[in-house]
Amino acid sequence: MESVRMKKTSTMICAPLRAQTVEQMVSEMHQAKAQGADVVEIRDKPLPVLIIYRPKWDGGLYEGDEHVRMEALHLARELGADYIEFELKAASKLMAEHKMSQSRGSKSIVSCYVKGETPSEEDLNHIIASMQATGADIIKLVTDAADITEIPRIFHLFSCCQMPLIAYSSGERGLISQILSPKYGGFLVYGSIEGDSVPGLPSLASLREVYKVNYIHKDTKVFGLISKPVGHSKGPILHNPVLRHVNFNGVYVAMFVDDLQKFFSVYPSPDFAGFSVGIPYKEAVIGFCDEVHPLAQSIAAANTIIKRPSDGKLVGYNTDCEAAITSIEDSLIKEKRCTNGKTSLNSPLSGKLFVLVGAGGAGRALAFGAKSRGARIVVFDIDFDRAKSLAFAVTGEVRRFEDLAIFQPEKGAILANATPLGMHPNTDRIPVSEASLRNYQLVFDSVYTPKKTRLLEEAEAAGAIIVSGAEMFLRQAIGQFNLFTGGQGKVESLTNYCLVFDAIYTPNKTKFLKDAKETGVVFIYEIC
C-alpha cells in the first residue's frame with residue numbers, strides 16, 4: 001500500500017459560538033483561538049466575524065421582523081464583518097432587488113438547510129446551482145443524515161461545484177462529512193469549543209490534535225470503524241497519531257452504521273482502504289467479505305477488513321483472538337512470577353475453567369483463543385441458541401443466561417465478559433453475582449469505557465486479578481494498524497507502540513504530550 005507524504009491544506013476550522021452576552025462572546029472567542037479555530041461563527045450577534053442571524057423559519061431563533069434582521073446583517077457587513085451568511089430564500093430576494101453587492105473585505109455565504117432525508121445527487125445539484133446563481137462568494141449546504149450511506153452524496157458535490165463550498169450532514173451519522181470535508185476541498189469545517197458538545201460536531205481539539213484536518217487532502221487514505229454505537233470508541237485517538245508518526249497519509253474515523261447491507265452497497269468507495277468492525281457487526285460482516293483469513297473463518301467473526309490494493313477485494317481478519325487471550329495469559333504469568341518466580345512453557349489457561357459471558361464476535365474470539373490454550377469453556381449468552389452453537393464449536397458447555405446469577409464456578413476459574421454490560425453510560429451493571437467473584441482467579445472485561453468497570457472493581461475487591469478491555473483493545477489495534485498500513489512503519493509490540501490514551505483531549509495537556517514525544521513515545525493520552 002503506497003503512502004503519500006502529508007501536506008497541509010487550506011481548509012479552515014470554524015467554531016460556532018453560543019454565548020448570551022458580549023463578555024461571554026469575547027471569552028469564547030479567546031477559547032476558540034487557543035483551541036485551534038481559524039474563524040468563529042457568531043450566531044445572533046452583529047460582530048465582525050462570521051455572522052449568522054438565522055430566522056426561526058429556517059431553524060434559528062429569530063422571530064422578529066424580517067426587515068430588521070436584514071438591516072442587522074447589512075450593518076454587520078458595512079462594519080467590516082469577514083463573512084455574512086444569508087439563507088437561500090433571503091439571498092434570492094436580495095438578488096432580485098439588486099442588494100447582494102459586496103462590501104470591501106466582506107464575503108457573503110448563501111446557505112440552505114435541507115430537513116429530512118438527504119436529497120438525491122440530482123436534486124442536490126439543483127440546489128447548488130440555485131445558490132451559485134445568487135452571486136454569493138461561498139455557498140453552504142447542510143442536510144440531516146438519516147443514514148451514513150447518504151454522506152457520499154455530500155462528498156460528490158465538491159467535485160461539481162465551481163466555487164468555495166461548505167457542505168456537511170448534521171448528527172452523529174454525519175460526523176465523517178465534517179472530518180473528511182478537507183479531502184474533497186471543503187472551504188470550512190465546524191468544530192465545537194470545549195464544554196459545548198454538540199452531537200455529530202467534532203471538537204476543535206479533536207480536529208486539530210486527533211484528526212489533523214489541515215493535513216487531510218485528496219490522496220489521504222480513509223480507515224473507518226463500522227459500529228453502532230460509535231461514541232465510546234477510542235480508535236480515532238489511538239490510530240491517527242500513530243499513522244502520522246510513521247508518516248502514513250491516512251485518517252481513521254468512526255462510522256455510525258445502521259444497516260450493513262446498505263452500508264456495503266455504498267462503501268467502500270475508492271477512498272476507503274479498510275475498516276475496523278465493532279459491536280454488533282463482527283459476525284455478520286463476514287458475509288460481506290470477498291475473502292476471509294482462516295483464523296477469522298474458524299471463529300466466524302472479523303474485526304478488521306482490508307481492501308486489497310491489487311484487486312480491491314475485501315479481506316476479513318480477526319485480531320481480537322490473540323489480543324484477548326494474550327492479555328489474560330500475560331496477567332496470569334505475571335502473577336505466577338510474583339508468587340513463585342517460575343514460569344511454564346504451557347499456557348496458564350491450560351486445564352482451567354473459562355467462564356465466558358457473551359457469544360457475539362468478541363466472545364467467539366475469546367472462546368476460540370481459550371480453546372487453543374487448552375481451557376475448559378462454559379458459555380452464557382442471552383441468546384441460548386447462539387451460546388449453544390459457540391459451545392459446540394469449541395467443545396464446551398452451554399448454560400442458560402438466567403442461571404448466571406446463581407452460577408458458582410470452581411476455585412481458580414477465569415471469567416470473561418464479552419457483552420456491553422457495564423459500558424458507558426450504563427456503568428452500574430455487572431453480568432454475574434458479586435458473591436461468585438471470590439471464586440475467580442482472574443476477571444477480564446472486554447469493555448474499556450470506563451477502563452475500570454464496576455465488574456472489575458468488584459472483582460478486585462474480591463481478590464481476583466483484573467484485566468481491562470483496554471489491554472485487549474491496544475493489542476488488537478496493533479494487528480489492525482499493521483494490516484491497515486501494509487506493514488509500513490510496522491508496530492511489533494505494546495512496548496514500542498507505547499500508547500496511553502484518554503477519551504478527552506484538553507489543551508492544558510499540550511506540554512505534557514510534547515515532552516512525551518521528545519522522549520521517544522509515539523503518543524500519550526492519560527487513561528481516566
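Is K228 buried, exposed or partly exposed? In this predicted model, K228 is partly exposed, because its relative accessible area is 35%, and that value falls between the 20% cut-off for buried and the 50% cut-off for exposed. As for its place in the chain, K228 sits in the loop that links β9 (221-227) with α8 (235-245). Leaving aside residues up to four places away in sequence, K228 touches F256, V257, D258, I279, P280 and Y281. With one of these, D258, there is also a polar contact: the two side chains meet at 3.2 Å. As for D259, it is 31 residues from K228 along the chain, and the C-alpha atoms of the two are 9.5 Å apart.

Zooming out to the whole protein, there are 528 residues, and 54% of them are buried. The accessible surface adds up to about 22900 Å², with carbon and sulfur atoms holding 52% of that. The secondary structure consists of 17 helices and 22 strands. Among contacts with a separation of 6 or more, 66% are between residues 24 or more positions apart.

Next come the strands. In general, strands of a sheet pair through backbone hydrogen bonds, and they can do so in a parallel or an antiparallel way. Strand β14 (residues 314-317) shows both kinds of pairing. With β12 (residues 291-292), β14 runs parallel, and 2 bridges hold the pair; here E291 has V315 as its bridge partner. With β13 (residues 304-307), β14 runs antiparallel, and this time there are 4 bridges. One of the partnerships in this pair is I305 with G316. β13 and β14 also make up a hairpin, with 6 residues between the two strands. In the turn of that hairpin, G312 has a positive phi of about 75 degrees.

Further along the chain there is an open sheet of 6 strands, paired in parallel and ordered β17-β16-β15-β18-β19-β20. At its edges are β17 (397-400) and β20 (465-467), each of which pairs on one side only. On average, and ignoring direction, neighbouring strands in this sheet are turned by 20 degrees against each other. Inside the sheet, β18 (residues 413-417) and β19 (residues 440-445) run parallel and are joined by 5 bridges; A413 stands opposite Y440 of β19. A helix joins the picture too: α12 (residues 361-372) lies across β15 (353-357), β16 (376-381), β18 and β19. Relative to β15, this helix runs at about 170 degrees.

Key
Residues numbered from 1 in each chain as written. Predicted model: local features only at pLDDT ≥ 70, side-chain atom pairs only at ≥ 80, totals over all residues. Heavy atoms only, no water. Buried < 20%, exposed > 50% of the residue type's maximum accessible area, 1.4 Å probe, protein only. Contact = heavy atoms within 4.5 Å. Areas by Shrake-Rupley, 256 points an atom, 1.4 Å probe, with all protein chains shown as cover. Polar contact = N/O pair within 3.5 Å; in protein donor to acceptor, adjacent residues only side chain to side chain. Pairing = 2+ DSSP bridges. Axes fitted to C-alpha atoms, helices over the stretch in contact; angles between N-to-C directions.
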